[in-house]
Amino acid sequence: MSDHAVKVEPDHTTASSGDKDNVVVTEELVLDTSPAASLSPPVPSCVPSAAGVQGSATPLASKDKARSRSKMGRDDRSTEGKVNTDIGYAISTHVGKHLNRLRGEKVLQIKCAGRVMQGKQETNGNSTHQRPRDRHEPGNKHQRKKKPVTVDTSKAKTSLEALKMSIKQLKWKEFPLGRRAACDIYWHGTSFHDNDHIVSGQVNKFPGMIEMLKKINLSRALRTMHELFPEEYNFYPRSWILPDEYQQFSAQIRGLKDSDAAAHRTFIVKPDSGSQGEGIYLIREASEVRLAAGSQARQAVVQEYVQRPLLIDKLKFDIRLYVLVKALEPLQIYIAKEGLTRFCTEPYQEPNQKNLSHVFMHLTNYSLNVQSDNFVHSDSQSTGSKRTFSSVLYRLASKGVDIKKVWSDVISLVIKTVIALVPELKVHYQADIPPGKPGPTCFQILGFDILLTKNLKPVLLEVNSNPSMRIEHEQEVAPGVFEYVSSPVDEDVKVCVIRDTLRLMDPGLNKHGHPPPAGGGGAAQQGTVITTKAGPPDKAPEEEPGDGLPTLCLKQVYPKYTKQFQYLCLVDRIATLFLRFLGIKGNMRLGPTAFRTFIRCCKLSNSNLPMASVDILYIDITRRWAASTQDSREAGMGLQAFVEAFFQLAGRRSKAALLRDQVASLLEVCEAHLDGPLSALPVAAAVSLEDRRSLSRGRAMAREASKLSPSSSSSSSTTHPPPLCSPAAPRRAVSHDQRLQRSRHGPLRTNLEN
């Protein structure tokens, strides 16, 4: 007697305990080619066979089998209730005992809570065969597997080991020597231009980020925002740019001495392109500034020194937070919930003339303090010269400090700083990857160095475009013998940051719009803050039930908190105007013609501001910025110079007391004019309304002339005005129309630019 097979797949998601009897058995004849059928366990004696339900299980003649098939199809509908009772009891008894395949001639379809699950088998004589699975059925070896994400790490440097660990945890595919075919993600070690031949995928660097995060450019960007919002941008120490502002700095020190002879302020000098504490020193007199560096003065920033920092174990420390800028348009910012705290190796004392040169007391840079004999490498997250930020928060919370307020202030500082950087970054981005040109998208991890004052106010020290992602340190294992050993604190923090950055940039998730779990987001709510639990620092994170990975260590803060910070985006709106009038792809400077076009399109020229004054304003500001920017490679007005000109125009036009109100009023005027009829044309090619009318008349007359002269159609391409694609094109077009109009209707009364 041949056996019968029943494939049972109950729907646990929809079927309750009361649905066990709601089973419908139907019959289906299929071909079985699976060898697994012969390995199926025998039918338990308590489970009725198909013979007990449908008839005898003995081999039948082919004619009898054909008759029985058609008959059974009709009988099933009439005896459905009886079959439900018999089979339902058997399935409810043995559904949990690995009853996956049973031998048999018939195949039973089981309906459980409205869902149909079917086993597909058929008897062919005395042998049992199973139909091949469909390509899209689960478990099929031919089913298309998800392609692993490919990562090109050939340009990675200090982050290589942490990157390799992250890729391995994600089960992605690494190409350490590069790849001829395009990869999904390119991990660069220094800048966006480490590989200039990328036309697709994602790169972990933004164009222009290195330039923007140099000390001088960062100070200028934050100073501009401080002019607009002095209360919101008071987290950055007052700064002077050397050597350009050396006279102002000297006057500031003299003024302090005149007001209070007993006051002795301390200042810190930082080289513009310095890193890892190189070239940093403290001064108390302007004469102590070291300006000369060969034939050319070395550019630097001098700042007010924070004299009363928060101390732990009598040591000064700073915080390294990792921030992911996922996109610029729209702006997306993520902050790592865990960071590092780097401690000095000498007990802190307020600066005086004797201890100004004690770098191990005043400077928190890891690369400096690791050279001290007092530096402590520790495997614990809460001890040693490098600890986790959560361990410091836990210690502060134990002393009654409101760490929610601390976190809220830190996050506010990060968002405001990125908002100040974005306008210039957009200009660099459009110059390297113009709209319509194939190119990659970008993201970047930044390192924010933050100091807490004695009253727990966060102060921004600097922002690193290439924060170190090393997870090992050099240690002397024998006299004069050094080797790299793993640093558990660095590994716990940095591997999570890189791994979860890659998870957020997964092209599969981004393509379908499904963010990874626990990645933050949600609607912005007024007054909400991001907090972390002040629990024990060594507690391991919970795992995600789906992929076995820990929850994301990166928390989205923007656009989640857009409502709280949207009013700060005035400079970003100015940058939008700047980009619209650039005109030429790859250009980062505004020429005089484009600046005059901006004035005309926004209708800013009047009796109080004639075009001659506009030209003088452009020349003065451009020359001053060209002299202060030593590495300028292009002539014209950059974004920062354009912002200064915009501020002056706003002050002339508006009578508001505050600069931000003046700027907001002028922005509304410009945006209102640009959103009018002229918005249909590229703004870089826009001309005045009078010029457009003359241009339209000229084109109409040219069309009439072509109708009268058939031969003119062949030369129409040479007589038709050139397309409006750049500021030069409108000039050529208007000049052509002017000559045409003068020859037929006399001179035009239009105000044309030179």
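1. Two aromatic rings of Phe, Tyr or Trp are taken as a pair if their centres lie within 6.5 Å, and a pair counts as tilted if its planes are neither under 30 degrees nor over 60 degrees apart. In this structure, which is a predicted model, a search of the whole structure on that basis returns 18 aromatic pairs. One of them joins F206 and Y429, whose ring centres are 6.3 Å apart and whose planes meet at 55°, so the pair is tilted.

2. The positions of these two residues deserve a comment, because F206 belongs to the loop between β9 (202–203) and α5 (209–212) while Y429 belongs to helix α11 (residues 403–432), and the pair therefore ties together parts that are 223 residues apart in sequence. As for their surroundings, F206 counts as buried, with a relative accessibility of 4%, whereas Y429, at 21% relative accessibility, counts as partly exposed. Buried here means under 20%, so the value for Y429 falls outside that class.

3. Elsewhere, ring pairs link a set of residues into a cluster, and its members are F578, F581, F595, F598, Y618, F642 and F646.

4. Strand β17 (residues 340–343) is covered on both of its faces, with L340 and R342 buried on one side and T341 and F343 buried on the other. Strand β15 (residues 315–328) pairs with β17 in the antiparallel sense over four bridges, and β17 also pairs in the antiparallel sense with strand β18 (residues 386–388), in that case over three bridges. R342 can be followed through both pairings, for D318 stands opposite R342, and K386 is the bridge partner of R342 in β18.

5. Two residues of this region also place a charge over an aromatic ring. The charged end of K386, the bridge partner of R342, sits over the ring of Y366 at 3.8 Å from its centre. R387 lies over the face of F343, 4.1 Å from the ring centre, and F343 is itself one of the buried residues of β17.

6. Helix α10 (residues 389–398) has F389, S390, S391, V392, L393 and L396 as its buried residues. The elements that cover them include the strands just described, β15, β17 and β18, together with β14 (311–312) and α11. After α10 comes G400, which has a positive phi, near 90°.

7. In helix α4 (residues 160–170), the residues A162, L163, S166, I167 and L170 are buried. They lie on the same side of α4, because they cover an arc of only 135° around the axis. This arrangement can be read against a general property of helices: an α-helix has 3.6 residues a turn, so residues three or four places apart point the same way. The cover over the buried residues of α4 includes β6 (150–155), β7 (173–175), β8 (185–188) and α12 (488–504). K171, which follows α4, has a positive phi near 65°.

8. A last point concerns T266, which is located in the loop between α7 (246–259) and β11 (267–271). Is T266 buried or exposed? Its relative accessibility is 2%, and T266 therefore counts as buried. The side chain of T266 makes a polar contact of 3.2 Å with the side chain of Q307. Beyond its neighbours within four places in sequence, T266 is in contact with L282, I283, R284, Q303, E304, Y305, Q307, P351 and L356.

Conventions:
Residues are numbered from 1 along each chain as its sequence is written. This is a predicted model: local features need pLDDT of at least 70, side-chain atom pairs count only at pLDDT 80 or more; totals for chains, interfaces and linings use all residues. Side-chain values use heavy atoms; hydrogens and water are left out. Rings of Phe, Tyr and Trp (its six-membered ring) pair if their centres lie within 6.5 Å; planes under 30 degrees apart count as stacked, over 60 as edge-to-face and the rest as tilted. Buried means under 20% relative accessible area, exposed over 50%, partly exposed in between (1.4 Å probe, protein chains only). A charge sits over a ring if NZ of Lys or CZ of Arg is within 6 Å of the ring centre and within 35 degrees of the ring normal. Two strands pair if DSSP finds at least two bridges between them. A polar contact is a pair of N or O atoms within 3.5 Å; within protein, one must be able to donate a hydrogen and the other to accept it, and residues adjacent in sequence count only if both atoms are side-chain atoms. Contact means heavy atoms within 4.5 Å. The arc is that of the directions from the helix axis to the C-beta atoms.
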